[in-house]
Amino acid sequence: MPYREAETQPLTMASVKASTASDNFQEFSSFFEKVVLDLTAEECGHPEIGVAISRLREVLEYNAPGGKYIRGITVLASVRELLPLTLQDEETIERALVVGWCVELLSLFFLVYDDIMDKSETRRGKTCWYKKISYQTELGQTLDLIFSQLGKVDLAQYTETRYKSIAKYKTTFFCFHLPIAAAMFMAGIDQEEDHRNAKTILLEMGEVYQVQNDYLDCYGDPSITGKIGTDIQEKKCTWLVLEALKRVTPEQRKILEENYGHDDVDKVQKVKQLYEDLGLPALYRQYEEESYQRLQILISQHANGLPKEIFLGLARKIYKRQK
């Protein structure tokens, strides 16, 4: 039932269930074992493919658990936001959990993703839309990795157009568009205008998220971010290097050409020092403030007929990462 049709139905005390962020996390993470069982239990003892299925289970149990599950939990939380409590029965919530794990596993194993999505019967059993997102994400990953495979650094290849394409295909479709659109379809919201409005907001959100990732790769605390940045060594097309190219003198550009893309501590430090000399940390803080204001405007203009809290909640998660 579409959100607009269902939102006026009365609530009963029996249907009321508290749904906090911690509740969603616990429910989502504990559902993982059921996903694994659905994928592997039936054929684990198969005489021909049993060994492969057992290996699949090992791969899933080793790689999937852990982390914040932001993408998958976004599906669950959004379904709960879009549907009135009277329609949030056990079957609906389980379907949201299944689809959420599809999103989480998308980056891990595309075949697993297809299998789970087929089982979920979301969107009337059709999986073509989700497969399109998979394809778009693969394209984005390819665009991002191309720079790492180049020989000598060619700074002329680092353009804003290329960067926006990477952010759109690598990050936005997978991290933001897929979870929200999936939840909208599950809530019966399939009008093109609603999805266009959501996509307008999410495209901006995805680019902000990518810029923030780039900044944290260089300036983030590994004990908080959970990773040691390697964008400079890998010659990545990042927001930082693009902003540097807009501001460098000929002499500074030469420093960038000679040191960017080398797995050498001294060369990496020279690039970071150049970023400091160009004032990029301060520029990023300005970007963050301006992007937050842009998102607020986009949400107010385009979240027509949809709960604004879905988009505001995602925005809060993005900017909270900096603290």
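# Exercises on a predicted helical model

Ala315 is found in helix 16 (residues 308-320). The exercises below concern a predicted model, and each is followed by a worked solution.

## Exercise 1. The setting of Ala315

Determine whether Ala315 is buried or exposed, and state which residues Ala315 touches beyond four places in sequence.

Solution. Step one is the accessibility: Ala315 has a relative accessible area of 1%. Buried means under 20% relative accessible area, so Ala315 is buried. Step two is the contacts: apart from residues up to four places away in sequence, Ala315 touches Met205 and Leu295. Step three compares the chain with space: Ala315 and Tyr209 are 106 residues apart along the chain, and their C-alpha atoms are separated by 9.3 Å.

## Exercise 2. The chain as a whole

Describe the secondary structure of the chain, its buried share and its contacts between residues 24 or more positions apart.

Solution. Begin with the elements: the chain has 16 helices and zero strands. Next, consider burial: the chain has 323 residues, of which 45% count as buried. Then consider the contacts with a separation of 6 or more: residues 24 or more positions apart account for 77% of them. Finally, the accessible surface of the chain comes to about 16800 Å², and carbon and sulfur atoms hold 52% of that surface.

## Exercise 3. The buried side of helix 3

Identify the buried residues of helix 3 (residues 32-40) and explain how they are arranged around its axis.

Solution. The buried residues in helix 3 are Phe32, Val35, Val36, Leu39 and Thr40. Viewed down the helix axis, these buried residues fall within an arc of 110°, so they line one face of helix 3. The general rule behind such a pattern is that an α-helix has 3.6 residues a turn, so residues three or four places apart point the same way.

## Exercise 4. The enclosure of helix 12

Explain why helix 12 is described as largely enclosed, and state what covers its buried residues.

Solution. First, list the buried residues of helix 12: Trp239, Leu240, Val241, Leu242, Glu243, Ala244 and Leu245. Seven of the nine residues of the helix are buried, so helix 12 is largely enclosed by the rest of the structure. Second, find the cover: it includes helix 9 (160-186), helix 10, helix 13 (250-259), helix 14 (265-277) and helix 15. Third, take one residue of helix 12 in detail. Glu243 has a relative accessible area of 10% and is buried. Leaving out residues up to four places away in sequence, Glu243 touches Leu280 and Leu283.

## Exercise 5. Two residues of helix 15

Locate Pro281 and Tyr284, and relate each to a residue elsewhere in the chain.

Solution. Pro281 lies in helix 15 (residues 280-302), and Tyr284 lies in helix 15 as well. For Pro281, the relative accessibility is 10%, which counts as buried. Its C-alpha atom is 9.1 Å from that of Leu240, although Pro281 and Leu240 are 41 residues apart in sequence. Neighbours within four places aside, Pro281 is in contact with Tyr215, Tyr219, Tyr275 and Glu276. For Tyr284, the relative accessible area is 2%, and the residue is buried. Tyr284 and Val211 are 73 residues apart along the chain, with 8.8 Å between their C-alpha atoms.

## Exercise 6. The cavity and its lining

State how many cavities of 30 Å³ or more the search finds, then describe the lining of the largest cavity.

Solution. The search of the whole structure finds one cavity of 30 Å³ or more. The volume of the largest cavity is about 50 Å³. Its lining consists of Asp214, Asp217, Cys218, Asp231, Ile232, Thr238, Leu240, Tyr260 and Tyr275. Sorted by class, the lining has five nonpolar, one polar and three charged residues. Helix 10 (residues 192-219) provides the largest share of the lining, three residues.

## Exercise 7. Positive phi in two loops

Find the loops that hold Tyr69 and Lys235, and give the phi value of each residue.

Solution. The general expectation comes first: most residues other than glycine have a negative phi. Tyr69, in the loop between helix 4 (50-63) and helix 5 (70-82), has a positive phi near 55°. Lys235, in the loop between helix 11 (222-225) and helix 12 (239-247), has a positive phi near 60°. As for burial, Tyr69 counts as buried at 8% relative accessibility, and Lys235 counts as buried at 9%.

Technical notes: Residues are numbered from 1 along each chain as its sequence is written. This is a predicted model: local features need pLDDT of at least 70, side-chain atom pairs count only at pLDDT 80 or more; totals for chains, interfaces and linings use all residues. Side-chain values use heavy atoms; hydrogens and water are left out. On a 1 Å grid over the protein atoms alone, a cavity is a set of points where a 1.4 Å probe fits but cannot get out, and a pocket is an open set with protein on both sides within 12 Å along at least five of seven lines; lining residues have an atom within 4 Å of a point. Grid points are joined across faces, edges and corners, and a volume is the space filled by probe spheres set on the points. Helices (H or I, at least four residues) and strands (E, at least two) are DSSP runs, numbered from the N terminus. Ala, Val, Leu, Ile, Met, Phe, Trp, Tyr, Cys and Pro count as nonpolar, Asp, Glu, Lys and Arg as charged, and the others, Gly among them, as polar. Buried means under 20% relative accessible area, exposed over 50%, partly exposed in between (1.4 Å probe, protein chains only). The arc is that of the directions from the helix axis to the C-beta atoms. Contact means heavy atoms within 4.5 Å. Accessible areas come from the Shrake-Rupley method with a 1.4 Å probe; for residues, only the protein chains shown count as cover.
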